[in-house]
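Visitor: I should like to understand how the descriptions attached to this model are justified. May I put some questions to you about it?

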Amino acid sequence: MTKKYVGAVDQGTTSTRFMIFDHEGKVIGSHQMEHEQIYPKPGWVEHDPMEIWARTQDVIKGALEKSHVDASELAAVGVTNQRETTVVWNKKTGKPYYNAIVWQDTRTDKICNELAKDGGQDRFRTKVGLPLATYFSGPKIKWMLENVPGLREDAEKGDAYFGNIDSWEIWWLTGGPNGGAHVTDVTNASRTMLMNLETLDWDEDMLKVMGIPRSMMPEIRPSSDPKVYGYTPKDGPFGMAIPVAGALGDQQAALVGQTCYSVGEAKNTYGTGCFMLLNTGTKPVQSKSGLLTTLAYKFGDAPANYALEGSIAITGALVQWLRDNLGMISTSAEVEELAKSVEDNGGIYFVPAFSGLFAPYWRSDARGVIVGLTRYINKGHIGRAALEATAFQTREVLDAMNKDSGVNLKALKVDGGMVYNELLMQFQADILGVPVVRPQVAETTALGASYAAGLAVGFWNNLDDLRTNWQIAHTWKPKMGDEERDRLYKGWLKAVERTFNWVE
């Protein structure tokens with residue numbers, strides 16, 4: 001049969017889906033399933049890796065069935081994933097030694113503080129592009145090696161494999177214990193604190209500092225790999241051999257899906273957290289403003305592209321919190337109506353530092369606050385302040401990006417679940433003072449992984465093919481006056497300061 005489509009496994013923080021795209025980048029089929037969020041202690045967040053793999057198989061079969069696509073029509077499969085979420089498993093049995101430790105988890109703060117005693121939080125930044133923070137995989141692996149019985153011995157013997165979720169998925173997709181490929185791509189590797197930004201290989205000094213045997217580490221490959229990572233087995237969810245040829249961390253996948261291939265192009269993804277990436281070209285730019293230096297993508301033998309990233313921990317997760325913890329709304333979509341029930345935030349600000357603050361502060365001692373409360377405030381104001389928090393945090397990141405790159409952004413390309421919230425998107429344009437642009441395919445994370453896989457096998461010929469697929473669906477232009485913008489933003493910055501030093 002002719003190869004008409006490319007598929008992508010999109011393994012996110014709260015759910016997994018499989019999406020099928022045609023040559024124009026249009027969605028042909030999709031199936032999505034949630035998985036359990038496990039909170040064993042305050043600040044600890046875990047997932048069951050076996051549940052994630054089970055969901056992955058289910059959504060692949062579901063999407064193929066729903067769309068009436070035969071697996072033989074797929075040219076290739078790509079993978080995109082929640083980054084930094086850390087799995088360690090036995091290479092012979094495929095059994096995880098412990099639950100996956102999720103990117104939001106803060107249990108490694110003691111490890112990070114200990115390492116920061118000699119040289120501070122930016123001790124390794126020039127080498128790996130990242131500050132010492134609980135966010136990244138390296139300290140999580142160290143924690144597992146020190147706390148999971150029997151793991152250190154197996155790791156020393158060479159029986160234990162580490163991977164972010166991309167590696168876990170690719171290993172199973174290509175056969176698991178029966179010859180599965182133990183690989184990662186440059187973007188995911190750049191989120192571990194263990195990859196050298198210049199050599200794009202595991203850094204021996206970093207492995208030594210973290211006490212991690214090199215035998216645990218996957219091979220680092222291009223994000224789009226003509227040599228392909230491996231093939232799906234006949235007894236796998238596709239029932240036949242299909243090349244697995246592309247992988248990108250979710251935020252880099254969105255950058256690729258938004259076709260930000262030129263220096264100075266940026267996108268912002270609104271999901272559980274919020275992530276803005278700016279393409280800085282083929283040289284890493286070191287941030288002086290609290291941003292991360294990260295890999296944007298590497299296509300085949302071409303030089304790798306780098307990006308500056310502003311990571312915000314809690315955005316969409318705040319809406320889920322209003323729904324699940326407070327019962328203020330019964331579905332996430334209802335937050336817009338709740339916020340529209342009032343004209344403004346009533347003078348309150350909601351800073352959701354539930355697991356500390358990420359960019360540009362990197363404060364694990366911060367905790368969430370609602371400030372400015374009076375008797376006047378009702379749940380509509382809280383709903384509105386929750387949405388505004390996303391826009392304010394994005395403004396802080398954009399300011400840092402402008403400072404680091406010396407390039408003033410002219411418009412912001414946006415994607416992710418929250419971009420269908422008109423109120424939020426208008427407020428985002430207002431508080432940034434630049435237009436906010438949503439593309440026709442807002443599911444750019446899965447699209448980016450499809451692009452990487454499709455480029456690898458020649459389904460698409462080059463980046464221009466991909467650029468022609470990108471179409472604008474909606475643009476929000478700023479309507480707010482400068483004075484009002486400055487007043488609101490000043491209040492926000494004051495509120496953020498109130499979150500500091502809460503945890504001793």
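Visitor: What share of the area that the chain exposes do carbon and sulfur atoms supply?

Guide: In this predicted model, the chain exposes about 19,000 Å², and 49% of that area is supplied by carbon and sulfur atoms.

Visitor: How do you know whether the radius of gyration agrees with that of a compact globule?

Guide: The globule rule takes 2.2 Å times the number of residues to the power 0.38. For 504 residues this gives a value near 23 Å, and the chain has 22 Å, so the two agree. Along the principal axes, the C-alpha trace spans about 65 × 50 × 45 Å.

Visitor: What percentage of the residues count as buried, and what makes a residue buried?

Guide: A residue is buried if its relative accessible area is under 20%. By that criterion, 64% of the 504 residues count as buried.

Visitor: How far apart are the mean positions of the positive and negative charges?

Guide: The mean positions of the 52 positive and 61 negative charges lie 2 Å apart.

Visitor: Why are β3 and β11 said to stand at the edges of their sheet?

Guide: The open sheet has six strands in the order β3-β2-β1-β5-β12-β11, with mixed pairing. β3 (27-34) and β11 (230-231) each have a single partner strand, so one side of each is left without a neighbour in the sheet.

Visitor: What makes β11 and β12 a pair, and in which sense do they run?

Guide: Pairing requires at least two bridges. β11 and β12 (residues 243-249) have two bridges, in the antiparallel sense. Y231 stands opposite P243 in β12.

Key:
Residues are numbered from 1 along each chain as its sequence is written. This is a predicted model: local features need pLDDT of at least 70, side-chain atom pairs count only at pLDDT 80 or more; totals for chains, interfaces and linings use all residues. Side-chain values use heavy atoms; hydrogens and water are left out. Buried means under 20% relative accessible area, exposed over 50%, partly exposed in between (1.4 Å probe, protein chains only). Accessible areas come from the Shrake-Rupley method with a 1.4 Å probe; for residues, only the protein chains shown count as cover. Lys and Arg count as positive and Asp and Glu as negative; His and the chain ends are not counted. The place of a charge is taken as NZ of Lys, CZ of Arg, CG of Asp or CD of Glu. Helices (H or I, at least four residues) and strands (E, at least two) are DSSP runs, numbered from the N terminus.
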